[in-house]
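User: I'm new to this one and would like the reasoning behind the labels. Could you show it to me and take my questions as they come?
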Amino acid sequence: MKSAVRRVNYGLPPNPKQLQFFKSRVKHTAYGGAKAGGKSWAMRTKFMMLAMRYPGLRLLLLRRTLKELRENHIEPMCKVLWGVAKFNKSEMVFTFPNGSRIVCGYCDNEGDVSRYQGHEYDVIGFEEATLFTEQMHEDLELCLRSTRTDFIPRIYYTCNPGGVGHEWVKRLFIDRSFKETENPDEYLFIPAQVYDNYVIMDRQPDYVKMLENLPEDKKKALLYGDWDAYDGRFFTEFSRRTHVVKPFIIPEHWQKYRAFDYGLDMLACYWAAFDTLGNCYVYKELCEPNLIISRAAQKIIEHTTENDIICTFAPIDMWARNRATGKYQAEMFGDYGVPLTPVKNGREAGWQNVLDWMQPVPDGTGEMKPRLFIFENCKELIRCIPLLQHDDKNPNDVATQPHDITHAPDALRYLLDGRPRPAEIPAQKDEFDPIDFDEQVGNLFDYGL
């Protein structure tokens with residue numbers, strides 16, 4: 001007597017947009033763009049079907065946090081695959097009888113990417129791709145390689161507007177603005193809205209009404225999937241065209257300051273000059289990880305070629321005493337040749353201050369310009385400012401995750417919190433040529449005067 005074979009029940013049939021997602025075989029396929037389009041179900045179902053269709057397939061399914069991974073994928077997949085695939089809880093891997101494996105992973109920060117480097121996968125899935133940084137995406141894409149002849153390696157994405165990865169996802173799938181190394185034929189975007197999800201429409205009409213009643217900017221983004229309407233960025237005022245300038249020689253009389261954010265994970269130090277109108281020009285940066293205080297101070301001194309730095313601003317928490325040494329970090333920096341000046345503004349007031357510096361104001365010539373300018377060689381600061389998001393619980397604060405993009409903007413916040421002074425207008429020198437007044441008077445008589 002043959003043993004019964006369990007038929008996998010994925011749930012209700014897919015809607016037309018989900019079916020299009022299932023059928024796509026291009027290298028990069030993104031699905032979604034709006035809330036409640038059935039993204040998570042489509043992603044995990046696609047992965048389970050691929051694992052059973054192709055023996056020995058290696059799949060990596062990613063969420064940004066472990067909690068999201070468990071709630072959105074591991075628990076639902078355990079129910080669907082009970083008796084079909086074995087789940088290793090410690091390794092978070094589903095193993096199928098045909099040798100296929102679905103590895104469930106997460107990337108709380110960019111350091112977590114190292115867990116997957118060196119591994120090879122036939123399929124990678126970025127669930128809620130806009131929550132991943134561009135660097136995470138680029139590093140993980142290196143793991144997509146295969147020697148199989150019966151399967152083309154590919155990456156699947158689900159996404160909504162907003163999040164730290166808004167810009168790179170939008171560039172690839174919405175704007176379709178490709179680099180020379182990127183093939184446009186390998187990128188497909190399948191837009192989906194809540195109206196495409198017949199399950200939500202039938203069973204949760206109140207949720208649909210909630211989306212329809214959102215403020216206009218959020219409604220455009222979350223209900224209709226408008227990528228230009230709202231992206232969750234904190235500094236929507238920041239523009240490379242407006243705030244980033246080419247380097248120039250700083251006039252000697254301008255006031256110069258330093259400010260930095262320090263931790264073993266990153267030293268982010270910036271040099272800035274202020275002109276006679278009080279405009280700020282951030283002209284040099286030093287960003288380097290894994291530096292103890294003595295080495296960090298040495299690096300700052302090495303990068304300081306000026307001898308007229310007025311002071312170095314740092315956050316007040318650097319004056320908290322170390323239990324082991326009895327010293328505070330600010331004192332240790334001072335011992336190594338970098339005396340510090342504390343800034344005490346709270347986070348909300350500090351970020352509001354940065355916003356004020358970004359706002360256009362009259363520049364004295366009839367034009368409107370911001371008071372903050374960043375030299376284009378300060379690449380880390382320019383990269384991180386547009387990636388900062390509103391904190392989910394406090395819209396007046398910047399989200400602290402992903403932490404790796406907060407160091408450079410924090411240093412800028414400390415710089416502007418220090419209330420640096422504008423430069424004084426240099427005194428005019430007497431540079432008149434000496435004249436012979438007797439001769440000049442004689443000439444006047446000659447002219448009949």
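Analyst: Let's start with the terms helix and strand: they are DSSP runs numbered from the N terminus, H or I over at least four residues for a helix, E over at least two for a strand. The model is predicted, so local features need pLDDT of at least 70 and side-chain atom pairs pLDDT 80 or more, while totals for chains, interfaces and linings use all residues. Residues are numbered from 1 along each chain as its sequence is written, and side-chain values use heavy atoms, without hydrogens or water.

User: Where is aspartate 317, and why is it called exposed?
Analyst: Aspartate 317 sits in the loop between strand 13 (309–315) and helix 11 (329–335). Exposed means over 50% relative accessible area, buried means under 20%, and partly exposed is in between (1.4 Å probe, protein chains only). Aspartate 317 has 53%, so exposed is the right word. From its C-alpha to that of cysteine 384 is 23 Å in space, with the two positions 67 residues apart in sequence.

User: Why does valine 8 count as buried?
Analyst: Its relative accessibility is 16%, so the label is buried. Valine 8 belongs to the segment before helix 1. Leaving out residues up to four places away in sequence, valine 8 touches Met52, Val80 and Val84, where touching means heavy atoms within 4.5 Å. Valine 8 and tryptophan 82 are 74 residues apart in sequence, yet their C-alphas are 9.0 Å apart.

User: What makes helix 5 largely enclosed?
Analyst: Helix 5 (residues 166–174) has 9 residues and 7 of them are buried, so the rest of the structure largely encloses it. The buried ones are His166, Trp168, Val169, Lys170, Arg171, Leu172 and Phe173. Among the elements covering them are strand 1 (28–33), helix 4 (134–141), strand 7 (154–159) and strand 8 (187–192). Just past helix 5, arginine 176 has a positive phi of about 50 degrees.

User: Why does a positive phi get a mention?
Analyst: Because most residues other than glycine have a negative phi. Glutamate 128 isn't a glycine, but its phi is about 55 degrees. That residue lies in the loop between strand 6 (123–126) and helix 4, and at 13% relative accessible area glutamate 128 is buried. Arginine 419 also goes positive, with phi near 55 degrees, and sits in the loop between helix 14 and helix 15 (437–446). With 74% relative accessible area, arginine 419 is exposed.

User: What makes the peptide bond from glutamine 401 to proline 402 worth a look?
Analyst: Its omega is near -5 degrees, and the bond is cis. Most peptide bonds are trans. Proline 402 is in the loop between helix 13 (379–384) and helix 14 (407–417).

User: How many disulfides are there, and how do you know that cysteine 104 isn't in one?
Analyst: Searching the whole structure turns up 0. A disulfide is a pair of cysteine sulfur atoms within 2.5 Å. For cysteine 104, the nearest cysteine sulfur belongs to cysteine 78 and is 8.1 Å away. Cysteine 159 is in no disulfide either: its nearest cysteine sulfur, that of cysteine 107, is 17 Å away. Cysteine 104 is buried at 2% relative accessibility, and cysteine 159 is buried at 0%.

User: Which residues touch the most other members of the largest nonpolar core?
Analyst: Phe235, Phe260, Val282, Phe333 and Leu415 do, in a core of 65 residues. Strand 11 (residues 266–274) gives the most to that core, 9 residues. Another core, of 33 residues, lies apart from it and includes Leu81, Phe96, Cys104 and Ala192. The term means buried Ala, Val, Leu, Ile, Met, Phe, Trp, Tyr and Cys residues joined through side-chain atoms within 4.5 Å.

User: Last one: what makes asparagine 353 buried?
Analyst: Its relative accessibility is 17%, so asparagine 353 gets the buried label. Asparagine 353 is part of helix 12 (residues 347–358). Not counting residues up to four places away in sequence, asparagine 353 touches Leu416 and Asp417.
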